[in-house]
Amino acid sequence: MVVTAKSADGKFEQKAEKFYHPQATNCRDTKMKYGAQWKVANIRDTSLQPLQAKKETIEFDLPKDLRAVDVTVELFYENVNPANKYPVHTVKKTVTLDK
Amino acid sequence: MKSLKLIPVILITMALPLTAFAKAKTIDELAKMYDSSSCKQCHEEIYKQWENSHHARPLMGVKGGLMLTPLAMKGATAFSPDDPQKTTVKNFPCFKCHLPQALAHAEDSVAVELTEALLTAASKEKSDKEKAVAKAKVAKLQITCIVCHNDKALLHKRELGEPKKGVLYGSKAVPAHGDANYKTVEKSAIMKDSVFCGQCHGLGPNFDSDQVFQCANLYGSYLHSYVSGGGTQSCQSCHMQKGDHLIAPNFNDDKGTSELLSKAISLDVQTLGYEWLRKAGDLTSKVVVNTKITTTAGHRIPDG
């Protein structure tokens with residue numbers, strides 16, 4: 001998931017990424033592995049779990065003179081490598097600090 | 001007279017499915033043993049669905065990749081052979097699920113042929129034509145109808161025995177099944193249960209191997225997160241609706257995969273803009289984005 005906050009003129013842009021997947025090593029070192037032939041066990045699991053919501057709070061601090069940004073949340077599924085991407089959802093919102 | 005005596009023997013031989021014979025020595029022989037093309041005559045739609053499924057290309061990975069290649073390359077994995085000519089079926093632990101018929105019905109010569117094909121397909125020195133031929137050879141190895149509807153159809157073998165030769169197993173019995181080799185379909189009690197899929201879509205580390213390896217955890221997730229949380233659906237109720245043998249996702253279909261994932265996964269986004277005060281007179285402009293992702297899946301995402 002990539003969350004982006006961007007000013008209308010493009011001068012301000014901040015990005016936060018979250019990765020949801022099981023992460024395995026060969027249990028002989030601390031390097032994560034892809035491929036069943038190298039993996040032995042999961043050491044961490046940040047994947048989406050059944051019957052459970054995955055909640056995040058992401059904060060962006062804006063420059064003092066900036067009162068509004070466009071927020072885009074892109075959720076996609078990567079398979080094998082980051083280039084092989086399946087879009088799942090994209091949500092866009094404009095957030096203002098003015099009432 | 002001598003030739004007349006041979007006729008019944010020949011007829012009986014022809015009536016037996018190929019799986020009744022000795023082990024396959026070549027990729028072609030193994031592919032022929034498990035050839036399900038005759039199923040297409042009556043089950044055309046299901047056959048087409050299967051043809052587009054990952055079960056029809058279990059060694060091909062996603063989008064034409066050859067996922068077993070590292071296993072064929074010397075030194076690349078603990079399973080890789082030092083000499084391609086000395087490859088055995090045991091050099092391919094992935095066969096357990098990606099080609100289970102090889103474990104029981106293939107000679108080591110099939111593993112040698114597969115290793116050579118994988119190395120050819122990956123070689124920078126080979127021509128495109130040679131690579132394409134090698135790739136086509138690997139593609140012949142499939143999880144066909146017979147693998148699921150015979151080999152994998154029974155779990156209670158101490159009670160029920162091995163799957164019978166010349167019999168298919170389904171969710172319903174068909175006493176008179178119009179296939180030359182498989183004349184009967186018997187009911188398998190597990191065919192609509194998640195445990196059937198769990199045979200391959202696994203529990204985690206394979207501790208029965210002398211070099212433990214881990215592929216899919218999906219059935220483990222189903223049992224220990226979904227069922228334990230009160231989930232009651234089966235794999236088949238979501239992935240095989242109306243008997244769909246595509247058993248989506250098909251990761252070669254970008255659009256279809258995105259559609260499936262967007263149906264199964266929901267994303268809620270709430271935002272807030274305000275000025276945060278940490279100390280008097282020092283306001284910080286802040287945007288907060290709260291996201292909430294939920295899924296209808298009966299297993300972790302991603303898994304396999």
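**Entry 1: a helix in chain B**

I began with helix α7 of chain B, and found that α2 (27-33), α4, α6 (100-105) and α8 (128-139) of chain B are among the elements covering its buried residues. The model is a predicted one, and I kept that in mind throughout. Which residues of α7(B) are buried? I listed V110(B), A111(B), V112(B), E113(B), L114(B), T115(B), A117(B), L118(B), T120(B) and A121(B). I noted that E113(B) is on that list.

Next I checked the length of α7(B). The helix covers residues 108-122, which is 15 residues. From first C-alpha to last it reaches 21 Å. That is close to the 21 Å expected at 1.5 Å a residue.

**Entry 2: chain B as a whole**

I counted elements next. Chain B has 14 helices and four strands. Its radius of gyration is 24 Å, while the globule rule gives 19 Å for 304 residues, so chain B is more spread out than a compact globule. I looked up the spans of the C-alpha trace too: about 110 × 50 × 35 Å along the principal axes of chain B. How much of chain B counts as buried? I got 32% of its 304 residues. I then took the contacts between residues at least 6 apart in the sequence of chain B. Of these, 51% join residues at least 24 apart.

**Entry 3: chain A as a whole**

I moved to chain A. How many helices and strands does chain A have? I found zero helices and eight strands. Read from the N terminus, chain A is β-β-β-β-β-β-β-β. I compared its radius of gyration with the rule: chain A has 18 Å, but a compact globule of 99 residues would have a value near 13 Å. The C-alpha trace of chain A spans about 55 × 30 × 25 Å along its principal axes. Buried residues are 21% of the 99 in chain A. For contacts in chain A between residues at least 6 apart in sequence, 43% join residues at least 24 apart.

**Entry 4: the four-stranded sheet**

I traced the strands of chain A one sheet at a time. In what order do the strands of the four-stranded sheet lie? I read β2-β1-β7-β8 in chain A, an open sheet with antiparallel pairing. The edge strands are β2 (13-17) and β8 (81-96) of chain A; each has a single partner strand, so one side of each is left without a neighbour in the sheet. From one strand to the next, the twist averages 20 degrees.

I followed the pairs inside this sheet. Strand β1 (residues 2-6) and strand β7 (residues 68-79) of chain A pair antiparallel over five bridges. In that region I found T4(A) opposite T72(A) in β7(A). Something from the other chain also packs on this sheet: helix α14 (residues 254-264) of chain B touches β7 and β8 of chain A. The direction of α14(B) makes about 50 degrees with that of β8(A).

I then looked at β7(A) and β8(A) together. They run antiparallel and are joined by twelve bridges. A68(A) has T96(A), in β8(A), as its bridge partner. The two strands form a hairpin with one residue between them. I checked V80(A) in the turn and found a positive phi of about 75 degrees.

**Entry 5: the three-stranded sheet**

The second open sheet I traced in chain A has three strands, in the order β4-β3-β5, with antiparallel pairing. Why is one side of β4(A) and of β5(A) without a neighbour in the sheet? I saw that β4 (32-33) and β5 (41-45) of chain A stand at the edges with a single partner strand each, so one side of each is left free of a neighbour there. Strand β3 (residues 22-25) of chain A pairs antiparallel with β4(A) over two bridges. T25(A) stands opposite M32(A) in β4(A).

**Entry 6: where the chains meet**

I finished at the interface. Here 48 residues of chain A are in contact with 51 residues of chain B. On the chain B side, α4 (69-72), α12 (218-227), α14, β3 (265-279) and β4 (282-295) give two or more residues each. Which of these elements gives the most? I found β4(B), with twelve residues. By type, the chain B side divides into 23 nonpolar, 21 polar and seven charged residues.

My last check was a strand pair across the chains. Strand β6 (residues 54-62) of chain A pairs antiparallel with β4(B) over nine bridges. I located L62(A) opposite S285(B) in β4(B).

How values were computed. Residues are numbered from 1 along each chain as its sequence is written. Chains are lettered from A and ligands numbered from 1 in the order in which they are written. This is a predicted model: local features need pLDDT of at least 70, side-chain atom pairs count only at pLDDT 80 or more; totals for chains, interfaces and linings use all residues. Two strands pair if DSSP finds at least two bridges between them. Axes are lines fitted to C-alpha atoms, for helices over the stretch in contact, and angles run from 0 to 180 degrees between N-to-C directions. Two residues are in contact if their C-beta atoms, placed from the backbone, lie within 7 Å. The radius of gyration is taken over C-alpha atoms; the globule rule is 2.2 Å times the number of residues to the power 0.38. A residue is buried if 20 or more other C-beta atoms lie within 10 Å of its own, exposed if 12 or fewer, and partly exposed in between; C-beta atoms are placed from the backbone. Ala, Val, Leu, Ile, Met, Phe, Trp, Tyr, Cys and Pro count as nonpolar, Asp, Glu, Lys and Arg as charged, and the others, Gly among them, as polar. The expected span of a helix is 1.5 Å times one less than its number of residues.
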